[in-house]
Structure formats: C-alpha cells, structure tokens
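Subject: Structure handover and notes

Dear colleague,

I am passing on the structure we spoke about, together with some notes on what came out of going through it. Please have a look at it first, and then read on.

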Amino acid sequence: MMAIMLTEVLVALLVGGLLYFLVQRSRTQVLRTEDGWWGAGAPPDGGEDITIRPFTVSTSAEELEDLYRRIDQTRPVPSLEDSHFTYGFNSQCLHTVLSYWRNGFDWRRQVDRLNQYPHFKTTIEGIDIHYLHVKPKTVPEGSTALPLIMVHGWPGSFYEFYGLIPLLTEPSDPSHLVFEVVCPSIPGYGFSEAPHKKGFDSVCAAHIFHKLMKRLGFQQFYAHGGDWGWLVTTNMAQLEPRSVRGLHVNFAPPSNPGLPITLSIMLGRRFPKLFGFTDLDIERLFPCMEKLVVESIKESGYMHIQATKPDTVGRGLNDSPAGLAAYILEKFSTWTSRDFRDLEDGGLTRKFSLDDLLTNVMIYWTSGCIVSSMRFYKENFGKGLYAPHSKIPVDVPTGFACFPNELMHTPKLWLKQKYRNLVAFTPMARGGHFAAMEEPQLMAEDIQNFTKIVEKHRAV
Ligand SMILES: *[C@@H]1O[C@H](CO)[C@@H](O)[C@H](O)[C@H]1NC(C)=O
C-alpha cells in the first residue's frame with residue numbers, strides 16, 4: 001500500500017516537473033536592461049532633446065590636404081618575398097591602394113554618393129546617433145512599406161548596405177515586398193558619436209536602436225544584421241520580442257554551447273544524419289582538429305587586441321592612413337575568402353571596387369572612429385563569455401542566410417538552439433563575411449523570401 005502511494009507521488013512529481021519544464025521552455029524569456037547615459041559628464045537636468053536633425057556628409061580642402069600629406073609621408077616596409085597576404089597586408093598591394101587613394105580616388109564624388117540617401121542625427125542617452133532613413137518612392141496601392149533596420153559590424157559601416165538598399169526600397173519585381181529602410185551607425189562607428197563612458201556593449205546599442213525606431217514612429221519592424229549587427233539585432237529581438245516582427249541574420253556563431261552542440265561536435269562526423277548535418281556542414285566543421293585550432297589562432301589576433309587594449313594600437317591607426325587602410329582592408333580580403341591570403345593582391349578587387357573599399361575606410365578616417373570602433377570588442381567581451389543575453393533564446397521568427405565563405409560556419413542544428421523559431425535557413429550560392437556588400441542581389445532575395453514567409457504566417 002505504502003509502496004503504491006509512493007509510486008503515485010513520484011509519478012505525479014515527475015509529470016508535474018515535466019509540465020513545468022515544458023511551460024518554462026515555451027515561455028518567452030525577455031532580456032532586461034536599463035536606460036543608460038553615455039554623454040560626457042553628468043546628465044543635464046530636464047528631458048532629452050528628441051529632435052531629429054538632417055545630416056549631410058561633408059568634406060573640405062583642409063581634410064584632403066591633411067590626408068594627402070600623411071599618405072605622402074608613409075614609410076614603406078617591403079613585404080617578404082612570396083609572402084602574399086600571409087604576414088598581413090602585402091606591402092606592394094598597399095602601395096597600389098595608397099597610390100589610387102592619393103591620385104585616383106575622388107572623395108568628393110563619393111561624398112555625393114553617400115548623400116544620395118537622406119542622413120539624420122538624433123540624440124539618445126546623451127550621444128548623437130547617425131542613421132540613414134530611406135523611404136520607397138512608390139508603394140503598391142493598398143499596401144504599406146515594411147520598416148526594416150539594418151545594422152553593420154566591424155570594420156564595416158552603413159555604407160556596406162548601399163548596394164542592398166535600392167533592391168529593398170525599389171524592387172524591380174512587382175510581386176516583391178517594398179521596404180522602408182533605417183541604417184544606423186553603431187555608437188562609436190562612423191558618424192554616430194562614441195560613448196564617453198565605459199560599458200557600452202551590444203545590448204546598450206540594441207536598447208538605443210529600439211528608442212530610435214520608436215522615435216521614428218515604428219511600433220513593429222524587421223531587423224537584419226551581420227557581424228556585430230547580428231548580435232545587436234539579436235539583442236533587439238530579446239529585449240522587445242513584440243517589436244521585432246522578424247529577424248534576418250547572416251552570421252550567428254553559437255554564444256553558449258549547450259549539450260546538443262557539444263554532442264554534435266563530438267559525434268557529428270561519424271553520425272551526420274543524427275544531427276542533420278549536410279555535406280557542407282561536414283566539410284566546414286570537420287577539417288582536422290589541428291587545422292581548426294591553428295586557423296582560429298591565426299585569424300583572431302585582432303580580436304584579442306581589441307578586446308583588451310584597443311586604445312594603444314588604435315592611436316597609430318588613427319594617425320596613419322596607410323596603417324588604417326591595411327588594418328581594415330586586410331579583413332575585406334581574408335574574410336571574403338581565406339584563399340585570398342595566397343594572392344599577391346589579396347583578391348581585394350575580385351569582389352569589391354577600390355572606390356567602395358576606400359569609401360568605407362574614409363568613413364573611419366574622416367570621423368576618426370577607429371579607436372572607439374575597436375573598443376566595442378572590449379565592452380562585449382568584458383562582460384564574460386556568458387553574458388545574460390547569451391543564455392536567453394530568441395523567439396521571434398528568424399531567417400538565416402548561410403554564406404559558404406563565412407568566417408564561422410553555423411549549421412542549422414546550432415542555430416535552432418538559440419533561435420527557437422527558425423523559419424528559414426538558406427544555403428547561399430556564394431559570398432563571404434561582408435555578404436550584404438559582396439552579394440547584394442542574393443541578400444535582397446533572401447530577405448524577400450524570409451519576410452514573405454513571416455508575413456504569410458501573420459496573415460493566417
Ligand atoms: C528565393 O525564393 C525563390 C522562389 O522560391 C527561389 O527561387 C530563390 O532561390 C530564393 N532565393 C534565395 C536567395 O533564398
């Protein structure tokens with residue numbers, strides 16, 4: 001008798017526990033944060049200035065003269081014979097880039113190109129936030145444009161989206177959705193003011209961008225991001241899941257490897273089907289272990305520097321156009337294709353034009369933002385590897401564009417651990433880390449496809 005009762009109690013406890021676990025799991029967990037103040041000194045009395053001010057990129061003869069003088073005074077260091085890009089940016093290639101920058105590149109024309117879209121600034125939490133706001137010229141009758149925030153990363157800028165923006169705001173196919181696009185600069189990047197206080201991480205940027213979207217009158221919107229933009233938009237989905245209708249990312253390294261990911265690393269090679277691994281997954285995830293470890297050490301030195309002492313190296317880069325171009329453009333070479341390290345010219349102009357590459361460098365140069373852009377690593381890694389956001393899943397509908405040359409390959413199984421509502425996963429035909437800039441057409445298509453899926457779900 002006693003034994004039966006005990007069994008019943010145990011079963012009841014087990015069932016109850018299981019139900020509790022399932023309810024807990026299905027509940028949306030929301031990331032919490034507080035308002036910050038990132039301006040210099042103490043916050044002023046009274047409310048914040050919430051005006052929105054048009055902004056125009058400008059330049060001057062002095063700015064160009066200063067730049068040319070510094071390029072002329074660079075002290076070349078010859079690269080080792082046959083070293084290509086394996087010791088870092090190749091000296092001969094740098095010479096070519098600097099010659100073009102000095103004699104061919106037309107910054108005034110690129111400034112006009114930058115100003116082809118409307119720029120604005122508005123003050124949030126004590127710092128000026130810069131953004132593009134591009135509205136479609138026409139919207140099909142009976143429909144409205146879908147708001148979409150797109151967030152860049154390092155060492156990129158809002159300019160990475162210049163090829164993508166028209167494809168989303170003025171799609172040529174009448175069956176395509178029309179977007180209204182907002183591209184902010186992360187504080188400390190480009191024309192957004194740098195935080196004056198310690199601690200400004202991806203969650204702080206996400207909180208500020210929510211305020212920006214509210215200030216612009218958007219209650220609900222889509223979000224897209226790669227590199228840091230992936231983490232910032234992911235944090236936006238975690239902070240206010242109701243405001244983010246859908247999240248589209250093209251980069252998503254696992255932040256908190258749990259049991260399924262660990263098991264898949266240990267056993268995935270032998271039992272690929274068990275983990276849903278494709279041939280591409282196997283090829284990207286399981287080169288020999290030594291190669292994987294050596295590769296990641298070879299390519300992550302910049303990250304270690306930026307996550308620890310950004311202000312030291314950064315000062316040199318901020319004074320030297322040659323140093324800055326080498327530091328930034330090395331990433332546009334290697335992160336587009338690792339094989340480019342074995343080319344004399346780093347393959348730089350295989351996928352990008354020097355005009356586009358140097359425009360991105362000039363955004364860092366003219367705004368003097370390289371040091372503050374590097375600090376973002378220190379702030380994000382400074383909270384420890386297991387920051388609160390890394391433990392919280394994302395419940396908003398998510399789409400992932402899986403580009404074959406991305407730095408870190410992320411199979412579907414890994415994504416699903418974090419993004420519990422993964423509605424689209426596209427193995428992309430080609431492209432690397434700067435996919436929005438390298439393959440704007442493919443990216444636009446994937447954003448279209450993903451958004452259509454989400455909108456269809458909402459309609460039923
Ligand atoms: C988008 O969807 C269309 C139609 O289903 C498909 O042909 C195309 O390959 C998709 N493109 C991308 C990049 O997802």
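Glu438 is a buried residue, because its relative accessible area is 7% and the cut-off for that class is under 20%. Please keep in mind throughout that this is a predicted model. Glu438 belongs to helix α19, which covers residues 435-438, and its side chain is joined to that of Lys351 by a polar contact of 2.7 Å.

The annotated active site

The UniProt entry, which is unreviewed, carries an "active site" annotation that covers Asp227, Tyr377 and His433. From this set, Asp227 and His433 are included in the lining of the largest cavity. Asp227 sits in the loop that runs between β6 (221-225) and α7 (228-239), and with a relative accessible area of 11% it is buried. Its backbone also deserves a look, since Asp227 has a positive phi of about 50° although it is not a glycine. Tyr377, for its part, is placed in helix α16, residues 370-382, and is likewise buried, with a relative accessible area of 3%.

The ligand and its surroundings

Which residues are found around the ligand? They are Thr426, Met428, Leu442, Glu445, Asp446 and Asn449, and by class this shell divides into two nonpolar, two polar and two charged residues. Helix α20, which spans residues 440-459, gives the most to the shell, contributing four residues.

For anyone who wants to set up the ligand contacts, the distances between ligand atoms and side-chain N or O atoms may be useful. A ligand nitrogen lies 2.7 Å from an N or O atom in the side chain of Glu445, while a ligand oxygen lies 3.0 Å from an N or O atom in the side chain of Asp446. For Asn449, the distance between an N or O atom of the side chain and an oxygen atom of the ligand is 2.3 Å. The ligand taken alone exposes 360 Å², and the protein buries 44% of that area.

Helix α20 also holds His457, which counts as exposed because its relative accessibility is 53% and the exposed class begins over 50%. The C-alpha atom of His457 is separated by 20 Å from that of Gln238, a residue 219 positions away along the chain.

The annotated N-terminal domain

The same kind of caution applies to the domain annotation, which also comes from the record. In the unreviewed UniProt entry, "domain: Epoxide hydrolase N-terminal" covers residues 52-161. Over this stretch the chain is 30% helix and 22% strand, and the C-alpha atoms at its two ends are 22 Å apart.

Backbone geometry is worth checking in this part of the chain. Most residues other than glycine have a negative phi, and most peptide bonds are trans. Against that background, His84 has a phi near 50°, a positive value in a residue other than glycine, and it is found in the loop between α2 (61-72) and α3 (91-103). Trp154 and Pro155, in turn, are joined by a cis peptide bond, with omega at about -5°.

Where does Pro155 have its place? Pro155 is in the loop between β4 (146-151) and α5 (165-169), and Gly156 is placed in the loop between β4 and α5 as well. Gly156 counts as buried, because its relative accessibility is 1% and the limit for that class is under 20%. Between Gly156 and Lys197, which are 41 residues apart in sequence, the distance in space is 23 Å from C-alpha to C-alpha.

One further loop

Finally, there is Asp395, located in the loop between α17 (388-391) and β8 (398-402). Is Asp395 buried, exposed or partly exposed? With a relative accessible area of 21%, Asp395 is partly exposed, because the buried class is reserved for values under 20%. Its C-alpha atom is 5.5 Å from that of Arg420, although the two residues are 25 positions apart in sequence.

With best regards

Methods
Residues numbered from 1 in each chain as written. Predicted model: local features only at pLDDT ≥ 70, side-chain atom pairs only at ≥ 80, totals over all residues. Heavy atoms only, no water. Near = heavy atom within 4 Å. Polar contact = N/O pair within 3.5 Å; in protein donor to acceptor, adjacent residues only side chain to side chain. Areas by Shrake-Rupley, 256 points an atom, 1.4 Å probe, with all protein chains shown as cover. Nonpolar A, V, L, I, M, F, W, Y, C, P; charged D, E, K, R; others polar. UniProt positions renumbered as here; feature names shortened; annotations may be inferred. 1 Å grid on protein atoms, 1.4 Å probe; cavity = no way out; pocket = protein on both sides within 12 Å on 5 of 7 lines; lining within 4 Å. Buried < 20%, exposed > 50% of the residue type's maximum accessible area, 1.4 Å probe, protein only.
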